[in-house]
Amino acid sequence: MTTIASMTLEELQQLIDERINEHLTHLLGQLEMDEEELFTDEEPDTRTWEQVKQDIERDRWTPPPGAKSSLELLREDRES
């Protein structure tokens, strides 16, 4: 068995990739796609610009009242 200390950078990267893939497969299940699915174009988006803007507004997340701004959170993080 090879130890990490004796591995080349490529071997270590391959080991890490394999472990990540195993973990993701365990969490998400096996994801299988045919090659045809990878290269097929999706249906064209026929929405109007107004519809797209409405969809963006509908899906936008708004923080609750009194929540700290991203700038405040960043400043707190830098102070700690």
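Is Glu50 buried, partly exposed or exposed, and what is its relative accessibility? Glu50 has a relative accessibility of 46%, so the residue counts as partly exposed. This structure is a predicted model, and its protein chain has four helices and zero strands. The points below go from the whole chain to helix α1, and then to the salt bridges.

**The chain as a whole**

- Along the sequence, the elements of the protein chain follow the pattern α-α-α-α.
- The protein chain has 80 residues, and buried residues make up 2% of them.
- The protein chain has an accessible surface of about 8,400 Å², and carbon and sulfur atoms account for 53% of that surface.

**Confidence in the prediction**

- The protein chain has a mean pLDDT of 86, with 86% of its residues reaching 70 or more.
- Among the elements of the chain, α3 has the highest mean pLDDT, at 95.
- The lowest mean pLDDT among the elements, 59, belongs to helix α2, which covers residues 35–39.
- Where pLDDT is low, predicted coordinates should not be read in detail.

**Helix α1 and the nonpolar patch**

- Helix α1 covers residues 9–28, and Ile20 is found in this helix.
- The 20 residues of α1 should span 28 Å at 1.5 Å a residue, because the expected span is 1.5 Å times one less than the number of residues.
- The end C-alpha atoms of α1 are 28 Å apart, which agrees with the expected span.
- Gly29 comes just after α1 and takes a positive phi of about 85°.
- A nonpolar patch on the surface is formed by Ile16, Ile20, Leu24, Leu27 and Leu28.
- Together, the residues of this patch have about 480 Å² of accessible area.
- Ile20, one of the patch residues, has a relative accessible area of 44%, so it is partly exposed.

**Salt bridges in helix α3**

- The structure holds eight salt bridges, among them one between Lys53 and Glu50.
- In the bridge between Lys53 and Glu50, the N to O distance is 3.2 Å.
- Lys53 and Glu50 are separated by about one helical turn, because they are three residues apart in helix α3.
- An α-helix has 3.6 residues a turn, so residues three or four places apart point the same way.
- Lys53 is partly exposed, at 33% relative accessibility, and Glu50 is partly exposed at 46%.
- Another salt bridge joins Arg58 and Asp55, whose closest N and O atoms are 2.9 Å apart.
- The side chains of Asp55 and Arg58 are also joined by a polar contact of 2.9 Å.
- Asp55 lies in helix α3, which covers residues 49–59.
- Arg58 and Asp55 are three residues apart in α3, so about one helical turn separates them.
- Arg58 is exposed, with a relative accessible area of 57%.
- Asp55 has 18% relative accessibility; buried means under 20%, so Asp55 counts as buried.
- Salt bridges that share partners join Asp55 and Arg58 into one network with Asp45, Arg47 and Asp59.

**A further salt bridge**

- The side chains of Arg60 and Glu57 meet in a salt bridge with an N to O distance of 2.8 Å.
- Arg60 counts as partly exposed, because its relative accessibility is 49% and exposed means over 50%.

Conventions
Residues numbered from 1 in each chain as written. Heavy atoms only, no water. Patch = residues over 30% accessible without salt bridge, like charges linked within 9 Å, V, L, I, M, F, W, Y side chains within 5 Å. Areas by Shrake-Rupley, 256 points an atom, 1.4 Å probe, with all protein chains shown as cover. Salt bridge = Lys/Arg side-chain N within 4 Å of Asp/Glu carboxyl O. Helix = DSSP H or I, 4+ residues; strand = E, 2+ residues; numbered from the N terminus. Buried < 20%, exposed > 50% of the residue type's maximum accessible area, 1.4 Å probe, protein only. Polar contact = N/O pair within 3.5 Å; in protein donor to acceptor, adjacent residues only side chain to side chain. pLDDT = per-residue confidence, 0-100.
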